[in-house]
Amino acid sequence: MGIFSSFDISASGLTANRLWMDVVASNIANAQTTRTPEGGPYRRREVVFSTRLEEASSPDLKGGQGVRVVGIVEDESPPRLVYEPEHPDAREDGYVEMPNVNAVTEMVDMLVASRAYEANAAAMEAAKGMLMRALDIMK
Amino acid sequence: MALDVFGDTTFAVLGKAMDAYSLRHRVSANNLANAATPGFKRSHVPFEVELSDILRGSEGGEGLLESLDGVKLEAQVDHLTESREDGNNVDMEQEMSEMIKNNIRYAGASTVMKSKLQMYRYVISEGRR
């Protein structure tokens with residue numbers, strides 16, 4: 001594990017959380033979308049994080065693991081039913097299948113993603129400070 | 001031509017490294033500027049392996065300056081990194097991290113160079129400050 005690997009680890013966290021934020025934004029934007037290319041209402045999406053082994057580190061080292069998004073999966077919970085017979089996408093019984101997006105959940109996810117992004121940026125800043133401090137010894 | 005001060009190869013090696021770092025910074029800036037350009041592929045400047053081979057090959061400094069001149073510093077297009085849907089493979093955060101690492105390496109090289117110069121200055125002034 002090189003002295004610079006903490007930067008790559010923090011960078012992987014930043015990338016992953018930015019992608020999560022994209023997914024949350026998509027969920028919020030499509031909270032009322034009843035039509036999708038696949039048919040049916042929009043389904044809420046979630047990101048799946050997995051640890052990522054740094055190329056330079058050996059598997060027996062506990063440190064040196066970054067994170068990466070291995071997939072974006074759809075939330076399989078049933079759509080929200082709203083009674084609105086005059087809606088063009090209403091079913092025979094007058095109910096419209098709305099996306100299974102909960103605005104409160106999305107807001108919480110958004111907060112977590114943005115704080116996690118900040119935390120990774122702070123970790124990167126701290127690593128930078130440490131190395132710069134090491135250079136000061138030579139001055 | 002590599003810099004030769006009193007037969008000291010430190011300046012030549014550090015100078016080469018600093019040249020590479022400044023090129024690398026420009027390449028990183030270009031990558032960041034094109035973070036949203038469809039089809040753009042990021043570039044990088046690999047030179048460390050070649051430099052360390054040369055340093056290991058010339059233990060006593062024999063022929064070091066000549067081989068240093070042979071180290072070509074150029075940006076290479078990175079086709080290996082996975083691309084996004086728009087064909088672009090720049091990861092903004094990864095690029096930032098490269099930039100910070102590069103900054104620190106540059107600061108390290110310039111600090112070593114400065115302290116080396118201070119040693120010469122100390123000797124030239126016969127130990128007086």
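**Salt bridges and surfaces in a two-chain model**

Student: Is Asp53(B) buried, partly exposed or exposed?
Tutor: Keep in mind that we're looking at a predicted model. Asp53(B) has a relative accessibility of 44%. Buried means under 20% and exposed means over 50%, with partly exposed in between, so Asp53(B) counts as partly exposed.

Student: Which residue forms a salt bridge with Asp53(B)?
Tutor: The closest N and O atoms of the pair are 3.9 Å apart, and a salt bridge needs them within 4 Å. The two residues sit three apart in helix 2 (residues 48–57) of chain B, so they are separated by about one helical turn. The partner is exposed, with a relative accessible area of 56%. Its name is Arg56(B).

Student: Which residues are joined into one network by salt bridges that share partners?
Tutor: For this one, hop over to chain A. Salt bridges with partners in common link an arginine to several acidic residues there. The members are Arg44(A), Glu46(A), Asp75(A), Glu106(A) and Asp109(A).

Student: And how many salt bridges are there over all chains?
Tutor: Side chains of opposite charge can pair when their charged atoms come close. A search of the whole structure looks for such pairs in every chain, and the count is 20.

Student: How many residues apart are Arg35(A) and Asp89(A), which meet in a salt bridge?
Tutor: Their side chains come to 2.9 Å, N to O. Arg35(A) is in the loop between helix 1 (5–29) and strand 1 (45–53) of chain A, while Asp89(A) is in the loop between strand 3 (80–83) and strand 4 (95–98). So the pair links distant parts of the chain, and the separation is 54 residues.

Student: Which word describes Arg35(A): buried, partly exposed or exposed?
Tutor: Its partner Asp89(A) is partly exposed, at 26%. Arg35(A) has 56% relative accessibility, and the cut-off to pass is over 50%. Therefore Arg35(A) counts as exposed.

Student: Are Asp78(B) and Arg42(B) buried or exposed?
Tutor: These two side chains meet in a salt bridge at 2.8 Å, N to O. Asp78(B) comes from the loop between strand 2 (76–77) and helix 4 (92–124), and Arg42(B) from the loop between helix 1 (10–33) and strand 1 (43–44), 36 residues apart in chain B. Both residues are buried.

Student: Which residues make the nonpolar surface patch of about 230 Å²?
Tutor: One of them belongs to helix 1 of chain A, and that residue is partly exposed, with a relative accessible area of 33%. Patch residues need over 30%, so 33% is enough on that count. The patch is made by Ile28(A), Met107(A) and Met110(A).

Student: What is the radius of gyration of chain A?
Tutor: Chain A has two helices and four strands, in the order α-β-β-β-β-α. Its C-alpha trace spans about 75 × 30 × 20 Å along its principal axes. A compact globule of 139 residues would have a radius of gyration near 14 Å, but chain A has 21 Å.

Student: Which residue has a positive phi near 50° without being a glycine?
Tutor: Look in the segment after helix 4 of chain B. The residue there counts as exposed, at 62% relative accessibility. It's Glu126(B).

Definitions and conventions
Residues are numbered from 1 along each chain as its sequence is written. Chains are lettered from A and ligands numbered from 1 in the order in which they are written. This is a predicted model: local features need pLDDT of at least 70, side-chain atom pairs count only at pLDDT 80 or more; totals for chains, interfaces and linings use all residues. Side-chain values use heavy atoms; hydrogens and water are left out. Buried means under 20% relative accessible area, exposed over 50%, partly exposed in between (1.4 Å probe, protein chains only). Patches are made of residues with over 30% relative accessible area and no salt bridge: like charges are joined within 9 Å, nonpolar side chains (Val, Leu, Ile, Met, Phe, Trp, Tyr) within 5 Å. Accessible areas come from the Shrake-Rupley method with a 1.4 Å probe; for residues, only the protein chains shown count as cover. The radius of gyration is taken over C-alpha atoms; the globule rule is 2.2 Å times the number of residues to the power 0.38.
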